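Okay, everyone, my turn. I'll put the thing on the screen and then walk you through a few spots.

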Amino acid sequence: SSMEHLLSERIKSTPPSFIRSILKTAADPQIISFAGGLPNPVSFPQEELLVSMERIVRDYGSSLFQYSITAGLPELRQYIADRYNRRFGLKLGIENILITTGSQQALDLISKVLLNTGDGVIVEKPSYLGAIQAFSQYQPVFYPVELTEEGMDIEQLKDALKHDVKFIYAIPDFQNPTGLSYCAENRACIREVLREREIVLVEDDPYGELRFDGGGRIPYIGAGQLPGSILLGTFSKTVTPGMRTGFMICADTELLKHISVAKEASDLHTNIFSQYLIWDYLMHNDYDAHIDQIRQLYKEQAQAMTEAMDRYFPETVRYTRPRGGMFLWVTLPEGVSALSLFPKALEKKVAFVPGDPFYINMTDTNTMRLNFTNADCSMIDEGIRRLGELLREI
Ligand code: PMP
């Protein structure tokens, strides 16, 4: 438009959201979409949330509708501290927790607080596109480090650390987009590499609870171990994304104060009604039993997808077999552009996300992300059959 010359360098260097156009295609009911990142709506505890809504309005009245404090509802922060202390042997108090408007806001605030133009950020290759977008606003230099079946490529990480880097962004459990997780050895290696360095490690963990087989968690890389580390969590994938309630955990209360100032400038505080609602839900329901149900559901959906791929995809196509989370990652033969297949897939009424937006400055990559949580098992089978037809033509 004619306003172009008024735009900031900041927004001009921020890639437009692929997510938005994806959500648009997913809205066509004819299309079997593996493109979105949506939790399955049957996982939202709507009846229980309705009960909580009535209870909090009755019991807390005007506090739900008034301005509140930037750090977030103390009762909710206490719940989060207790849960992480219990599950991971951390020693958190409420001063270590900041409630955020989804973990997406945390990504924005962290980069706002740490990055000057040209500062280095280490990301996984590939990485979460929403994080790449958030960081890009502050015009950093990205240093992508290959993500392998074990975790980050340690040699590449060491090389990247030779540059002037402010923070490392990692998704150690059931990563978006690949579904891969870091093994215990890889986490230990990264911890050792970072131990003597003044650098922030951001561990983003929206999917860790969604381990299909339940059971024990591998310790985090930084949380409880590296003083300059930040852990992100969210209720988006286990309760509801629409309430936009996430949280940041940090042992370094000084750093958290700076982030809190940035949050205050940005939105004063996260929606307090949402915070009460989530807290009341957690206090009056068996949260772990609810998570177990989601795990079971996603396990079946993931299995339906990989079994269909085993059946319909040509031998030359590889894919991850996630043990949790919401996504898997497909690698096509060398030189095949997933982006160029996208319109042909839409003709067959099936959608995926081409890998490109998950990389820094790469086009026509031979990868794609598939979401398995938002279609039922028979639709998954049919969608993968259609994709298989397409892949056999390449
Ligand atoms: N981080 C990752 C890795 C994600 O996949 C997502 C959601 N797609 C987010 C952060 C943002 O989640 P929310 O803001 O809903 O907590």
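Look at the loop between α9 (253-267) and α10 (272-284): that's where L268 sits. This is a predicted model, by the way. L268 isn't a glycine, yet its phi is positive, about 65°. Buried or exposed, then, for L268? Partly exposed, with a relative accessible area of 41%.

R244 is another non-glycine residue with a positive phi, near 50°. You'll find R244 in the loop between β7 and β8 (246-250). Its relative accessibility is 32%, so R244 counts as partly exposed, given that the partly exposed band runs between 20% and 50%.

While we're on backbone, let's do the cis peptides. K125 and P126 are joined by one, with omega about 5°, and P126 belongs to the loop between β3 (120-125) and α6 (129-136). N176 and P177 are also joined by a cis peptide bond, where omega is about 20°. P177 is in the loop between β5 and α8.

Now salt bridges. How many are there by our rule? The count comes to 26. Let me pick a few.

D173 and R211 pair up at 3.6 Å, N to O. D173 comes from the loop between β5 (165-170) and α8 (184-195), while R211 comes from the loop between β6 (200-204) and β7 (229-234), so to speak a link between distant parts of the chain, 38 residues apart. Both D173 and R211 are buried.

Next, K299 and D213, at 2.9 Å, N to O. Here K299 is in helix α11 (residues 287-312) and D213 is in the loop between β6 and β7, 86 residues apart. K299 is partly exposed at 27% relative accessible area, whereas D213 is exposed at 58%.

Then there's R311 with D381, at 2.7 Å, N to O. R311 lies in helix α11 and D381 in helix α13 (residues 377-392), so this salt bridge ties together parts that are 70 residues apart in sequence. R311 comes out partly exposed, with 48% relative accessible area.

And one for the network fans: K348, E382, R385, R386, E389 and E393 are linked by salt bridges into a network.

Last stop, helix α5, residues 102-114. From first C-alpha to last it reaches 19 Å, close to the expected 18 Å for its 13 residues. How many of those 13 are buried? Ten would be my spoken version: 10 of 13, so to say mostly covered. Among the buried ones are G102, L107, D108, I110 and L114.

Technical notes. Residues are numbered from 1 along each chain as its sequence is written. This is a predicted model: local features need pLDDT of at least 70, side-chain atom pairs count only at pLDDT 80 or more; totals for chains, interfaces and linings use all residues. Side-chain values use heavy atoms; hydrogens and water are left out. Helices (H or I, at least four residues) and strands (E, at least two) are DSSP runs, numbered from the N terminus. The expected span of a helix is 1.5 Å times one less than its number of residues. Buried means under 20% relative accessible area, exposed over 50%, partly exposed in between (1.4 Å probe, protein chains only). A salt bridge is a side-chain nitrogen of Lys or Arg within 4 Å of a carboxyl oxygen of Asp or Glu.
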